[in-house]
Structures are given as structure tokens and as C-alpha cells.
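Reader: I should like to examine this model one question at a time, with the terms explained as they arise. Please show me the sequence and the structure before we begin.

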Amino acid sequence: GVRLIVLGKSHALSIIKLALLIKREQPDITFSAIGSTNLKHVLAAILSRRLKTSIISIHGYYESEPQLLNRIAYYLTPLLTRLTAATICVSQGLLDYMITTWHANKEKTRLIYNPVYYETIQIPETEYDLLKREPIILASGRLVDYKNFARLIRAFARTDIDNARLLILGKGPEEQNLKNLINQLELQDRVELLGYVKEPWNLMTKARVLALSSDSEAFGLVIVEAMANGL
């Protein structure tokens, strides 16, 4: 039931289209997430004179958003967080980081944790129930540098647990490099790249442990999802 409007690939044209849309619709609130989108949102809010109802949100650290417009948005943090009605950060660590490192407006910056959606909860009653499962290690996330799945694969190669398997969920630009590493370490029978899985709950109820190998995480949504399923 949500209306989807595609603004197009041109940054300049999409900002103008968004400004016209905001001016026409007069929404109670406009909301955006992540650097470049926040930047374009604020420019559109300026053009439509709707800064007082615009809210931006931060979901990651500077290192995890290498695109040029995202980087520009970080440097403009003091201005963007003062112009808009509010800025939302998804963890206390990220909020502190944005205030101390990027000088976000303290009075207008708020903490709202990411929500976690799951169909059912099948939490193991005891640690022994987990140990009865197959020795499956589950990992999940975008296949990008800072998630460092290569480190996880190299660590897994050193395990000597019989029948242990590593299942990695996600898509991204590092996929081919990870496949090459798996072949290089001769782990084709023990490590699987399963691609994007919309609802990974069944896998979480089969795995014995979740592994997170990221260099940094603003929130670590997959950890909360795993905890909700007793991992």
C-alpha cells in the first residue's frame, strides 16, 4: 500500500523533482537515511521551504560509506543537523561518534534503535540444545570490504571441527573475491555463499553460532536478529 515514486538517476534532477513533490504533497514529515540521500533531502527541503519538517538519519560510520556524496555529507554534518528538524542515530555509539567527531547538533540529535522483524522465535531452551545442532557457523551482511568476510573465511580454514560448515548470506562487490579465496583455501565443500536471503530465520534455527567479522558496525542488526533466535 506504499506509493513508490522513482525520481531518476540524475542527482540534480532528482533533487528538483523531490522538492516539487514535497511542495505539492505538504507531508507532515520527510525522512531520509544515509549520507548522500540525506544531503539531497536537505537540498530539496531548502528548495521547498520545508526544513522544519525534515528529518535525516545516520546508519553508519564514515569508513563504511566511501562514496563521494556520502563523504561530503559527513563533512557537512554540523550544517545539516542544524538546518533540519532532527537527526536520528541508530545506536548510542554512533550518536556519540557523530557529536564528538563530526560535531552534530547535540540538541537535535536523537537515538532510535533499529527494529528487528522476525516471523517466529524458536529459542533453544538450553545450551545443550544448541550443541545438538550441526556445527554450522552463520554469517550475514553485505559483501563489502569493511564486513571482512575474508578474515572470517581464513579463520574458519583453521578450524578442525568435524563436519563444520560456514554459511554466508549476502550480496555485494566482494563476492567474486570471496569465491576465489574459498577456492584458494580449498574450502568449496565447507563454505557456502548463499546470496541474499530475505528471511533467514530458518537458517538461524539450524545454526549453532553466528559470527560477525566486521571491522566496525554502527548497530549490528544481524546480532540482534541472532539473539532473538537464541544464538
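## Enclosed and open spaces

Reader: How much space lies in the largest cavity?
Author: This is a predicted model, in which local features need pLDDT of at least 70 and side-chain atom pairs count only at pLDDT 80 or more, while totals for chains, interfaces and linings use all residues. Residues are numbered from 1 along each chain as its sequence is written, and side-chain values use heavy atoms, with hydrogens and water left out. On a 1 Å grid over the protein atoms alone, a cavity is a set of points where a 1.4 Å probe fits but cannot get out, and a volume is the space filled by probe spheres set on points joined across faces, edges and corners. The space in the largest cavity computed in this way is about 100 Å³.

Reader: Which element gives the largest share of the lining of the largest cavity?
Author: Lining residues are those with an atom within 4 Å of a point; here there are 13, with Gly35, Asn38, Ile58, Ala73 and Thr77 nearest the centre. Two or more residues each come from α2, β2, α3 (68-75) and α4 (77-83), where helices (H or I, at least four residues) and strands (E, at least two) are DSSP runs numbered from the N terminus. With three residues, the largest share comes from α4.

Reader: How many charged residues are in the lining of the largest cavity?
Author: Asp, Glu, Lys and Arg count as charged, Ala, Val, Leu, Ile, Met, Phe, Trp, Tyr, Cys and Pro as nonpolar, and the others, Gly among them, as polar. In the lining of the largest cavity, seven residues are nonpolar and five polar, and the number of charged residues is one.

Reader: How much space lies in the second largest cavity?
Author: The structure holds two cavities of 30 Å³ or more. The second largest is lined by Ser140, Lys147, Phe149, Ala211, Leu212, Ser213, Ser214 and Glu217, which divide into three nonpolar, three polar and two charged residues. Its space amounts to about 30 Å³.

Reader: Which helix gives the most to the lining of the largest pocket?
Author: A pocket is an open set of points with protein on both sides within 12 Å along at least five of seven lines, and the largest one has a volume of about 1000 Å³. Of its 42 lining residues, Gly141, Arg142, Tyr146, Lys147 and Glu217 are the closest to the centre. The lining comprises 20 nonpolar, 12 polar and 10 charged residues. Three of the lining residues, the most from one element, belong to helix α10.

Reader: How many nonpolar residues are in the lining of the second largest pocket?
Author: This pocket holds about 270 Å³ of space, and its lining includes Leu4, Ile5, Leu18 and Ile29. Helix α1 (residues 11-25) gives the most to the lining, with four residues. By class, one lining residue is polar and two are charged, and the number of nonpolar residues is eight.

## Backbone and helices

Reader: Which phi value does arginine 49 have?
Author: Arginine 49 lies in the loop between α2 (35-47) and β2 (54-58). This residue counts as exposed because its relative accessibility is 80%, where exposed means over 50% relative accessible area, buried under 20% and partly exposed in between (1.4 Å probe, protein chains only). Although arginine 49 is not a glycine, its phi is positive, at about 55 degrees.

Reader: Which phi value does asparagine 163 have?
Author: Asparagine 163 is found in the loop between α7 (149-156) and β6 (165-169). At 69% relative accessibility, this residue counts as exposed. Its phi is positive in a residue other than glycine, near 65 degrees.

Reader: Is α7 roughly parallel or roughly antiparallel to α8?
Author: The axes, lines fitted to C-alpha atoms over the stretch in contact, give angles from 0 to 180 degrees between N-to-C directions. Those of α7 and helix α8 (residues 175-184) come within 10 Å and cross at roughly 15 degrees. Angles under 35 degrees count as roughly parallel, over 145 as roughly antiparallel, 65 to 115 as roughly perpendicular and the rest as oblique. The relation of α7 to α8 is therefore roughly parallel.

Reader: What share of the 231 residues in the chain is buried?
Author: The chain has 10 helices and eight strands, and its C-alpha atoms fill a box of roughly 65 × 40 × 40 Å along the principal axes. Of the 231 residues, the buried share is 42%.
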